[in-house]
Amino acid sequence: MEREIRVVFVHSNGRRECHLGRDGESVMDVALDNGVPGILAQCGGGCTCSTCHCYVDQSWYAKCGEMHPDEVDILSFTPNRRSNSRLSCQISLTRPLDGICIYTIDESDKE
């Protein structure tokens, strides 16, 4: 039986929302399915833009796996990049990520 995986999104104003995804879905999929503000995902998960840029809570970052070289390249040109930046389309949900905490980026921060 497929189990759901919790994703906690934290907004710049401190508001939190928790949504459920399935094993193999991306964090971006969960955000889009639930209308989470701050994750636009204009390329639909193709790893060709940075509109799904997010910050992963440091305690979860290592559990997300290595970045694909394309993700590294895109993030190198992304404004407001931090050491815990990721593209949410590249974080695939697995059981060890149940409860992962993702910080969204306010639109005013993306300029």
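Strands β1 (4-10) and β2 (16-22) run antiparallel and are joined by seven bridges. Helices (H or I, at least four residues) and strands (E, at least two) are DSSP runs numbered from the N terminus, and two strands pair if DSSP finds at least two bridges between them. Within this pairing, I5 has G21 of β2 as its bridge partner. The model is a predicted one, in which local features need pLDDT of at least 70, side-chain atom pairs count only at pLDDT 80 or more, and totals for chains, interfaces and linings use all residues. Residues are numbered from 1 along each chain as its sequence is written, and side-chain values use heavy atoms, with hydrogens and water left out.

The wider setting is an open sheet of five strands with mixed pairing, in the order β2-β1-β5-β3-β4. Because β2 and β4 (85-87) stand at the edges with a single partner strand each, one side of each has no neighbour in the sheet. On average, neighbouring strands here are turned by 40° against each other, direction ignored. Helix α3 (residues 69-76) lies across β3 (53-56) and β4, and runs at about 120° to β4. Axes are lines fitted to C-alpha atoms, for helices over the stretch in contact (heavy atoms within 4.5 Å), and angles run from 0 to 180 degrees between N-to-C directions.

Turning to R3, this residue sits in the segment before β1. R3 is exposed, at 53% relative accessible area (buried is under 20%, exposed over 50%, partly exposed in between; 1.4 Å probe, protein chains only). Apart from neighbours within four places in sequence, R3 contacts G21, R22, D23 and R95. The C-alpha atoms of R3 and G38, 35 residues apart along the chain, are 26 Å from each other.
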